[in-house]
Amino acid sequence: MVKLSALIINETNETITLSTEETPIETLDQGDVTIQVAYSSVNYKDSLAVKKNGGVIRSYPMIPGIDLSGTVLTSNDERFTEGQKVLVTGYGLGVTHMGGFAEIARVPGDWIVPLPDELNLKEAMVFGTAGFTAALSVQALEKNGLTQNKDATILVTGATGGVGSLAIAMLKKLGYKNILALSRKKSAIDSLKKIGATDVLLLDEFMPEKIKPLSKQTIDFAIDTVGGDVTSALLSQLRYDGSIAICGNAAGINLNTTVLPFILRNATLLGIDSVNVPMKERLVIWQRLATDLNVTPYELTNEISLQELSETLNQLQAGTHIGRTIVKMS
């Protein structure tokens, strides 16, 4: 009997339990392609997956992990061959389908992206869903006027998180000159400047006591990873024709605003989904991550083992995690 090491979530008497254990390969869900997982990565969504009422997983037991990179072991899909290097992010991985926090994964062929030639398996997971989301956000702003203005003031919220830190590094590499990082961590100022922020705003100084429908125009573009009142404050400060790419809800799902930023300043709020992106667009984004958006040498990255994963998930929930953490499978 083939067994594999995996992080497994169970629910017993309405209590969520998390354990690293050996499990038979038959535990895995059905799929066309079986992959020897080399790396996975840790995302905020993964931390919600192991939380009671986190809104991510509804069926147990489950192997979490919304990302993976690895090598094809067997394939019933003619598009993929034994020994091929591949990656998977999004879809149902680690949510409704056994995920990437395991030595072996089995997935539908339609979910798989061939690893770009310019990336290795480790670099693919330095990006993972976070990098994919950051690249989608940058590209959305480019399509809404950012490309024409290298001097634009661009604000990135949740700057010490995976999406935020990668977005800052990408914008820097693309040559943008005024990148503002918004963070609640004063201790992270130097690190954020090192990866590309020209200035760092602390959250308690940025947020007004009362958010007005319209405030002084200070921001041209924004990548917002947190949502909630932060989004409302950003909208009120957008300059005419400004855009926000919103891709997260760590600060809440409610949006309290008015129509005024939209009808008086021509503001645009761009929704970014990283889960169900069509494969044609996925391939374009991953090629950009391998080339003009490849910032893996500059990213704040920590590598851990499967056995150390629980601690990192707790750090994400507590808001003390910085940068990217990748999980190396033995």
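The dialogue below discusses how to read several features of a predicted model.

Colleague: Let us begin with charged pairs. How many salt bridges does the structure hold?

Modeller: The general idea is that side chains of opposite charge can pair when their charged atoms come close. The predicted model has seven salt bridges. One of them joins Glu303 to Lys122, with 3.1 Å between the closest N and O atoms.

Colleague: Which parts of the chain does the pair of Glu303 and Lys122 tie together?

Modeller: Glu303 belongs to strand β14 (residues 301-305) and Lys122 to helix α2 (residues 121-143), so the salt bridge ties together parts that are 181 residues apart in sequence. Glu303 is partly exposed at 35% relative accessible area, and Lys122 is also partly exposed, at 36%.

Colleague: Arg288 and Glu142 form another salt bridge. How far apart are the closest N and O atoms there?

Modeller: For Arg288 and Glu142 the closest N and O atoms are 2.7 Å apart. Arg288 is in helix α8 (residues 279-290) and Glu142 is in helix α2, so this pair ties together parts 146 residues apart in sequence.

Colleague: Are Arg288 and Glu142 buried or exposed?

Modeller: A residue counts as buried when its relative accessible area is under 20%. Arg288 has 14% and is therefore buried. Glu142 has 16% and is therefore buried as well.

Colleague: Where in the chain are Asp151 and Lys177, which also form a salt bridge?

Modeller: The closest N and O atoms of Asp151 and Lys177 are 3.8 Å apart. This pair links distant parts of the chain, 26 residues apart: Asp151 is in the loop between α2 and β8 (153-156), while Lys177 is in the loop between α3 (162-173) and β9 (178-183). Asp151 is partly exposed, with a relative accessibility of 48%. Elsewhere, Asp77, Arg79 and Asp110 are joined into one network by salt bridges that share partners.

Colleague: I should like to turn to helix packing. At what angle do the axes of α2 and α3 cross?

Modeller: The axes cross at roughly 55° and come within 8 Å. That angle makes α2 oblique to α3. The crossing of α2 past α3 is right-handed.

Colleague: Which residues make the contact between α2 and α3?

Modeller: From α2, the contributors include Val126, Phe127, Ala130 and Val138. From α3, they include Val163, Leu166, Met170 and Leu171. Sorted by class, the contact has 11 nonpolar, three polar and no charged residues.

Colleague: How many residues of helix α6 are buried?

Modeller: Burial can be read for a whole element as well as for one residue. In helix α6 (residues 229-237), eight of the nine residues are buried, so the helix is largely enclosed by the rest of the structure. Among the buried residues are Val230, Leu234, Leu235 and Gln237.

Colleague: How should single residues be read? What is Tyr39 in contact with beyond its neighbours within four places in sequence?

Modeller: One may combine the element, the accessibility and the contacts. Tyr39 lies in strand β3 (residues 33-42) and is buried, with a relative accessible area of 12%. Its contacts beyond those neighbours include Leu68, Met125 and Ile326, together with both Lys122 and Glu303, the two partners of the salt bridge discussed above. Tyr39 and Leu68 are 29 residues apart in sequence, yet their C-alpha atoms are 5.8 Å apart. Thr34, also in strand β3, is buried at 10%; among its contacts are Thr71, Leu73, Ile104 and Arg106.

Colleague: Is Asn256 buried or exposed?

Modeller: Asn256 is exposed, at 53% relative accessibility. Its place is in the loop between β12 (238-246) and α7 (260-264). Leaving aside its neighbours within four places in sequence, Asn256 is in contact with Asp229 and Ser232.

Colleague: Finally, the backbone. Which residues does a cis peptide bond join?

Modeller: The cis bond joins Tyr60 and Pro61, with omega at about -5°. Pro61 is in the loop between α1 (44-49) and β4 (67-75).

Colleague: Which residues other than glycine have a positive phi?

Modeller: Asp241 is one of them, with phi of about 70°; Asp241 lies in strand β12 and is partly exposed at 43%. Asn266 is another, its phi being near 60°. Asn266 lies in the loop between α7 and β13 (268-271) and is partly exposed, with a relative accessible area of 37%.

Methods:
Residues are numbered from 1 along each chain as its sequence is written. This is a predicted model: local features need pLDDT of at least 70, side-chain atom pairs count only at pLDDT 80 or more; totals for chains, interfaces and linings use all residues. Side-chain values use heavy atoms; hydrogens and water are left out. A salt bridge is a side-chain nitrogen of Lys or Arg within 4 Å of a carboxyl oxygen of Asp or Glu. Helices (H or I, at least four residues) and strands (E, at least two) are DSSP runs, numbered from the N terminus. Buried means under 20% relative accessible area, exposed over 50%, partly exposed in between (1.4 Å probe, protein chains only). Axes are lines fitted to C-alpha atoms, for helices over the stretch in contact, and angles run from 0 to 180 degrees between N-to-C directions. Angles under 35 degrees count as roughly parallel, over 145 as roughly antiparallel, 65 to 115 as roughly perpendicular and the rest as oblique. A crossing is left-handed if the near helix is turned anticlockwise from the far one by less than a right angle, and right-handed if clockwise. Contact means heavy atoms within 4.5 Å. Ala, Val, Leu, Ile, Met, Phe, Trp, Tyr, Cys and Pro count as nonpolar, Asp, Glu, Lys and Arg as charged, and the others, Gly among them, as polar.
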